[in-house]
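Colleague: I am new to this structure and should like to learn how to read it. May we go through it together?

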Amino acid sequence: MIKTDHILDAKGLACPMPIVKTKKTMKDLEAGVVLEVQATDKGSKADIKAWADKVGHHYLGTVEEGEILKHYLRKASDSEVESEKNHPNIISNDDLETKLADENITIVDVREPAEYVFSHLPNAISIPLGEMENRMSELSSDKQIYVICRTGTRSDLAAQQLADSGYDVINVVPGMSEWAGPTTSSL
Amino acid sequence: MDLKQRQASEVASKVLNKEDLFILDVRNEEAYGDWKIEGESVTSINVPYFDLIDGVEDLLPELPKDKEILVVCAKEGSSVFVGEELIEAGIENVSYLSGGMKAWSEYLEPVKVGDLPGGALYQFVRIGKGCLSYLVESNGEAAVVDATRMIENYTTFAENKGLTIKATMDTHLHADHISGGKALADQVNGTYYLPEEDAGEVTFPFTALKEGNNVTIGEVTIEPIYSPGHTIGSTSLMINDAYLLTGDILFVESIGRPDLAGKAEDWVLDLRTTLYNRYKEMAGELVVLPAHFSKMAELGETGVVSAKLEELYEKNEGLHVEEEAEFRRMVTENLPPQPNAYQEIRETNMGKITPDEETRREMEIGPNRCAVN
């Protein structure tokens with residue numbers, strides 16, 4: 001079970017309806033939220049990916065459960081890439097890659113659970129940005145914390161929250177969108 | 001105007017007769033890039049249906065004003081959706097392909113190759129996939145060679161002509177399409193022939209297709225000729241000393257490749273011996289009939305894919321590679337990608353797995369990739 005914000009039931013519908021409905025549903029969603037589309041049309045997998053890539057939404061992946069295909073999409077926002085980063089301490093992807101074996105750091109992935117499960121750094125733990133305030137206490141203040149998201153924007157917000165609470169925190173820029181190092185999936 | 005429905009047979013006859021055909025293919029770009037309806041007289045453009053959900057206005061300038069527009073998709077749902085949008089936008093002459101590319105992949109067009117004593121030889125052109133199968137008839141008896149899984153095409157054809165199918169034969173264990181040979185033989189109580197060397201893992205009974213064991217259909221003799229190289233068992237069929245069915249060994253514009261079972265290195269010499277020695281000793285007048293074609297241009301005036309053996313020794317570049325090392329490179333390097341699901345297709349043809357109808361369909365979707373181009 002992957003936690004998502006919204007579920008669209010397109011089971012039993014033939015092409016083009018799964019995409020027509022997905023498109024309509026996405027339009028009404030807030031940027032950044034994750035939609036799970038349940039479909040039984042096998043062709044929907046290639047089409048939903050092609051459509052999402054074209055319009056700029058993030059196709060996260062598809063899980064097959066028997067006859068049902070569950071597609072995961074995250075609604076894009078234009079501001080995400082260009083927005084200003086406010087947290088002063090940052091590290092590049094390449095530099096983080098050299099620290100992966102360091103036991104004195106904690107890597108926190110603040111993307112949505114569905115983004116995390118399909119692909120994340122092998123030793124990253126998942127705390128979505130929206131849950132950071134409540135779950136901050138899970139983190140040890142003895143370790144340096146590296147926060148990562150897709151493009152560095154959500155992790156910038158998380159870094160500010162953590163810094164305000166006294167953590168030694170560094171934002172990974174740009175993050176998963178250009179990560180070339182090792183990854184793993186939790187499926 | 002209403003949206004018209006076009007059957008795969010109508011589209012096939014337009015392609016074969018080289019009639020103008022304008023296609024709007026609304027599948028995703030990857031599917032279109034992989035395979036599409038092609039032909040000398042065919043113009044097609046690709047705009048995925050999901051780009052047209054909100055309207056077709058941007059597309060209108062790209063469409064011809066004076067021609068029928070055939071909308072094509074994977075199964076047909078999206079082509080109906082887009083077709084109706086076009087009509088709403090005021091385009092008059094719009095149709096869709098019934099059953100979509102799925103139907104196109106399964107359509108067979110029977111064309112007559114020539115007369116035989118007491119009958120004739122027919123080629124069944126699977127135009128969407130490039131597969132060719134054959135039916136030999138003589139004095140009310142028939143044999144089917146390299147049958148596709150759509151066996152009702154042969155049974156209906158035989159019924160209409162009052163023929164009894166006595167035998168079905170596969171020139172080799174196919175990896176690019178699911179054979180209908182065994183199923184057809186079972187249905188008509190005929191004999192299924194398959195080369196022994198390819199049948200090591202086959203789980204059902206069959207009769208060996210091998211040199212010396214000629215098969216007689218009415219007044220016609222079918223003579224197996226061992227011609228390995230695509231597979232170790234590949235066997236050609238000489239029909240009445242006039243036609244040579246070469247399976248996947250020799251095509252009109254190219255030659256077979258030996259790697260489908262992962263045996264490229266082992267089978268190169270077999271392939272070379274078949275093409276450069278065995279066939280060369282045969283009569284140049286023989287009409288070569290392959291199991292595949294790769295380009296629509298290979299279809300002759302009547303739709304038949306064929307060539308005289310001596311012509312192929314003149315024109316087919318695959319038969320003009322003097323150096324053995326160069327030949328080895330050509331047939332083992334830079335090969336096109338393997339056909340979709342080829343392992344599963346082989347296992348199905350061996351009787352090891354029995355996927356349902358829908359899965360069989362899916363396994364065969366996509367282009368044929370058997371030849372070295």
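Modeller: Let us begin with a definition: two residues are in contact if their C-beta atoms, placed from the backbone, lie within 7 Å. Please bear in mind that this is a predicted model.

Colleague: How many residues does each chain give to the contact?

Modeller: Twelve residues come from chain A and 15 residues from chain B. On the side of chain A that touches chain B, the elements giving two or more residues are α1 (17–27) and α2 (44–55) of chain A. The largest share of that side, four residues, belongs to α2(A). By residue class, the side of chain A that touches chain B has eight nonpolar, one polar and three charged residues.

Colleague: How should I read a sheet?

Modeller: In general, strands of a sheet pair through backbone hydrogen bonds, either parallel or antiparallel. In chain B, an open sheet of seven strands follows the order β6-β7-β8-β9-β10-β11-β12, with mixed pairing.

Colleague: Which strands of chain B are the edge strands?

Modeller: They are β6 (109–116) and β12 (207–208) of chain B, each of which pairs on one side only. Seven bridges join β6(B) to β7 (residues 119–126) of chain B, and the two run antiparallel. Leu116(B) has Gly119(B) in β7(B) as its bridge partner.

Colleague: Which strands does helix α6 of chain B lie across?

Modeller: Helix α6 (residues 181–188) of chain B lies across β9 (141–145), β10 (164–169) and β11 (191–194) of chain B, and runs at about 155 degrees to β10(B).

Colleague: What does the record place at residues 17–113 of chain B?

Modeller: An unreviewed UniProt entry places the feature "domain: Rhodanese" there. Residues 17–113 of chain B are 26% helix and 24% strand, and the end C-alpha atoms of the span lie 16 Å apart.

Note on methods. Residues numbered from 1 in each chain as written. Chains lettered and ligands numbered in written order. Predicted model: local features only at pLDDT ≥ 70, side-chain atom pairs only at ≥ 80, totals over all residues. Pairing = 2+ DSSP bridges. Axes fitted to C-alpha atoms, helices over the stretch in contact; angles between N-to-C directions. UniProt positions renumbered as here; feature names shortened; annotations may be inferred. Nonpolar A, V, L, I, M, F, W, Y, C, P; charged D, E, K, R; others polar.
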